[in-house]
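Open the model in your viewer and keep the selection tool ready. Each stop below says what to select and what is there.

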Amino acid sequence: MDTVDAIISRRSVRLFLDRNVEYEKIETVLKAAMYAPSAVNEQPWHFLVINDRKLFPAIMKFHPYASMLKTAPLAILVCGDLEKEVAAGNWVLDCSCASQNILLAAHSIGLGAVWAGVYPEEERMNSFSSLFRLPENVIPFALIVIGYSATVFSKQPARFKAERISLNSWGTLYE
Ligand SMILES: Cc1cc2nc3c(=O)[nH]c(=O)nc-3n(C[C@H](O)[C@H](O)[C@H](O)COP(=O)(O)O)c2cc1C
């Protein structure tokens with residue numbers, strides 16, 4: 001799939017088929033995550049792969065918007081490792097890039113995925129840290145829920161807005 005096609009056709013998937021994700025595909029999305037850009041190439045991430053579905057009810061108890069876990073076979077908790085951060089404050093941006101890479105890679109290899117927000121919601125962050133006994137330097141950032149989509153998306157939403165673009169000076173329309 002062409003990169004721009006993948007970006008535009010990706011949608012958040014919240015309903016999954018009862019089918020496991022193959023090991024090779026999990027590795028592909030993790031590899032895509034690790035090829036994300038990062039400040040001074042610091043790569044301050046760690047990925048916790050969760051394929052034991054018995055862990056999902058505990059997450060749904062504290063996460064108000066993670067009910068898609070009911071049908072999901074897999075989730076990846078993207079974490080920032082403060083000990084690996086070189087340029088202070090950039091781990092959030094780096095982990096965002098890695099998370100988006102996971103979403104796009106998943107879509108381009110025929111999977112569906114959705115980002116369930118963790119950072120900066122302190123309660124959710126603390127709950128993930130204690131559930132998975134994360135070390136203090138490892139900060140839970142986003143839960144990316146992945147599987148084979150049970151939803152077929154027919155129409156692309158219209159999102160291109162020319163009025164959100166300026167040319168050379170603020171407010172001069174780019175047309
Ligand atoms: C930072 C962030 C947090 C999000 N948190 C959640 C969430 O907790 N639960 C959820 O179902 N979707 C969540 N989403 C997905 C958004 O709702 C979704 O991307 C948005 O509605 C646009 O739809 P699309 O992804 O299909 O283009 C999150 C997305 C981002 C980037």
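The tour goes from the whole chain to a strand, a core, a ligand and two single residues.

This is a predicted model, in which local features need pLDDT of at least 70, side-chain atom pairs count only at pLDDT 80 or more, and totals for chains, interfaces and linings use all residues. Residues are numbered from 1 along each chain as its sequence is written.

**Stop 1: the whole chain**

Select the protein chain and colour it by secondary structure. The protein chain has five helices and four strands; helices (H or I, at least four residues) and strands (E, at least two) are DSSP runs, numbered from the N terminus. Along the sequence the pattern reads α-α-β-α-β-α-β-α-β. The radius of gyration of the protein chain is 17 Å, close to the 16 Å that the globule rule gives for 175 residues, so the chain is as compact as a globular protein of that length. That radius is taken over C-alpha atoms, and the globule rule is 2.2 Å times the number of residues to the power 0.38.

Of the 175 residues, 31% count as buried. A residue is buried if 20 or more other C-beta atoms lie within 10 Å of its own, exposed if 12 or fewer, and partly exposed in between, with C-beta atoms placed from the backbone.

**Stop 2: strand β4**

Select residues 138-147, which are β4. Ten of the ten residues of β4 are buried. Which strands pair with β4? Strand β2 (residues 74-81) pairs with β4 in the antiparallel sense over eight bridges, and strand β3 (residues 112-117) does so in the antiparallel sense over six bridges. Two strands pair if DSSP finds at least two bridges between them. To see one bridge on the β2 side, show Gly80 with its partner Ile139. For the β3 side, show Ala116 with its partner Leu143.

**Stop 3: the nonpolar core**

Next, select Ala75, Val78, Ile102, Ala113, Ile144, Val145 and Ile146, which have the most contacts inside the largest nonpolar core, a set of 39 residues. Such a core is a set of buried Ala, Val, Leu, Ile, Met, Phe, Trp, Tyr and Cys residues joined through C-beta atoms within 7 Å. The largest share of this core, eight residues, comes from β4. In soluble globular proteins, nonpolar side chains tend to be buried together.

Centre the view on Ala113. Not counting residues up to four places away in sequence, Ala113 touches Val13, Ile102, Leu103, Ala106, His107, Ile144, Val145 and Ile146. Two residues are in contact if their C-beta atoms, placed from the backbone, lie within 7 Å.

**Stop 4: around the ligand**

Select the ligand, then show Arg11, Ser12, Arg14, Tyr65, Met68, Val114, Trp115, Ala116 and Gly117 around it. A residue is listed here if its C-beta atom, placed from the backbone, lies within 6 Å of the ligand.

**Stop 5: after β4**

Select Tyr148, in the segment after β4. Is Tyr148 buried or partly exposed? Tyr148 counts as partly exposed because it has 18 C-beta neighbours inside 10 Å. Leaving aside neighbours within four places in sequence, Tyr148 is in contact with Phe16, Leu17, Arg19, Leu111 and Gly112.

Finish at Ala150, also in the segment after β4. With 14 C-beta neighbours inside 10 Å, Ala150 counts as partly exposed. Outside its neighbours within four places in sequence, Ala150 is in contact with Leu15, Phe16, Leu17 and Thr71.
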